[in-house]
Amino acid sequence: MALIVLAADKGAPGVTTAATALAAVWPRPVLLAECDPAGGDLAYRLPAAGGGGVLNPGKGLLTLGATARRGLEAAQIHQHTQKIVGGLDVLVGLTHGEQAAGLTWLWGPLGRSLAAIPNADVIADCGRLGAHPQLADLIAESEQVVLLTRATLDHVAHLRERLQITKAHGVVVIADPRNYRGSIEDVRRIVGPSVQFVHGLAYDPKGAELLRGQWGGRLDRSLLIRTARDLAARLVSHR
């Protein structure tokens, strides 16, 4: 249905947490895909379905890449996904950046396949941009590109530079709840009309920690999830 890329320039501020929170509250069927060539850690963060065991870090993007050299189709993706507690489908990423060296050919076909998955949106955690130029082949297949930033001078300066070379549809500010709206407005003024929207997501370490456990209850009431719902609605409305 739609491939939505989340990424950042400097330090990848909360991209994985943001992608996970969004996928947890997404209003339609969704796949969370860990597409960071530098390696990911969803396998070590999120509990597997069926008893809350651990995800298999060896099943995901690495096994998909091993079977896709003769061609990759959307139907193959779900053969390499896993379910976490709560029922969310996850495509676990590489376990370390060195594995990306043998998969430089993968990102374009992966992007096309993720964008073509029927009956589900895909939220792709692409981590930090710049170190792996081949990731641009995946990003080119996306319907929306959303860049994350903190509201600090250095992060916003890097964001402005990144927006000059990366076509992004929106910016999400990881904002301190004590100055939530003010931080978003500050970034909106700086980036100006270069993106379609600037939205926020609460900086909420306690909520982020709850994502690692049994979902529901306190997590549903956390600032992270409450602002993630608002952000999900905004992203869906911009399609």
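This tour moves through a predicted model, from two helices to its pockets and cavity and then to two single residues.

**Helix 10**

Begin by selecting residues 223-237, which form helix 10. At 1.5 Å a residue, these 15 residues should span 21 Å, and the end C-alpha atoms are indeed 21 Å apart, in agreement with that expectation. Next, colour Leu224, Ile225, Thr227, Ala228, Leu231, Ala232 and Leu235, the buried residues of this helix. Turn the view to look down the axis of helix 10: the buried residues fall within an arc of 160 degrees, so they line one face of the helix.

What do the buried residues of helix 10 pack against? Add helix 1 (15-25), helix 8 (180-191) and helix 9 (205-210) to the selection, together with strand 6 (144-150), strand 7 (170-175) and strand 8 (197-202); the buried residues of helix 10 pack against each of these elements.

**Helix 1**

Keep helix 1 on display. Ten of its eleven residues are buried, so helix 1 is largely enclosed by the rest of the structure. The buried positions run from Val15 through Thr16, Thr17, Ala18, Ala19, Thr20, Ala21, Leu22 and Ala23, with Val25 also buried.

**The largest pocket**

Now select Tyr180, Arg181, Ile184, His199 and Gly200. Among the 15 residues that line the largest pocket, these lie nearest its centre. The pocket has a volume of about 310 Å³. Helix 10 returns here, since the lining receives at least two residues from each of helix 8, strand 8 and helix 10. By class, the lining holds six nonpolar, three polar and six charged residues.

**The second largest pocket**

Move to the second largest pocket, which contains about 220 Å³ of space. It is lined by 15 residues, and Leu129, Leu135, Ala136, Ile139 and Thr166 are the closest to its centre. Helix 6 (136-139) and helix 7 (153-165) are the elements that give two or more residues to this lining. The lining of the second largest pocket comprises eight nonpolar, five polar and two charged residues.

**The cavity**

Leave helix 7 selected. How many cavities of 30 Å³ or more are there? The count comes to one, and about 50 Å³ of space lies in it. To find this cavity, select the residues that line it: Ala8, Asp9, Lys10, Pro13, Leu148, Thr149, His155, His158 and Leu159. Strand 6 and helix 7 each give two or more residues to the lining, and helix 7 gives the most, with three. Four of the lining residues are nonpolar, three polar and two charged.

**Ser222**

Return to the start of helix 10 and select Ser222, in the loop between helix 9 and helix 10. Is Ser222 buried or exposed? With a relative accessible area of 9%, Ser222 counts as buried, because the cut-off for that class is under 20%. Beyond its neighbours within four places in sequence, Ser222 is in contact with Asp204 and Gly207.

**Ala43**

Finish at Ala43 in helix 2 (residues 42-45). Ala43 is also buried, at a relative accessible area of 7%. Setting aside neighbours within four places in sequence, the residues in contact with Ala43 are Leu55, Pro57 and Val92. As a last step, draw a distance from the C-alpha atom of Ala43 to that of Arg112: the two residues are 69 residues apart in sequence and 24 Å apart in space.

Key
Residues are numbered from 1 along each chain as its sequence is written. This is a predicted model: local features need pLDDT of at least 70, side-chain atom pairs count only at pLDDT 80 or more; totals for chains, interfaces and linings use all residues. Side-chain values use heavy atoms; hydrogens and water are left out. Helices (H or I, at least four residues) and strands (E, at least two) are DSSP runs, numbered from the N terminus. The expected span of a helix is 1.5 Å times one less than its number of residues. Buried means under 20% relative accessible area, exposed over 50%, partly exposed in between (1.4 Å probe, protein chains only). The arc is that of the directions from the helix axis to the C-beta atoms. Contact means heavy atoms within 4.5 Å. On a 1 Å grid over the protein atoms alone, a cavity is a set of points where a 1.4 Å probe fits but cannot get out, and a pocket is an open set with protein on both sides within 12 Å along at least five of seven lines; lining residues have an atom within 4 Å of a point. Grid points are joined across faces, edges and corners, and a volume is the space filled by probe spheres set on the points. Ala, Val, Leu, Ile, Met, Phe, Trp, Tyr, Cys and Pro count as nonpolar, Asp, Glu, Lys and Arg as charged, and the others, Gly among them, as polar.
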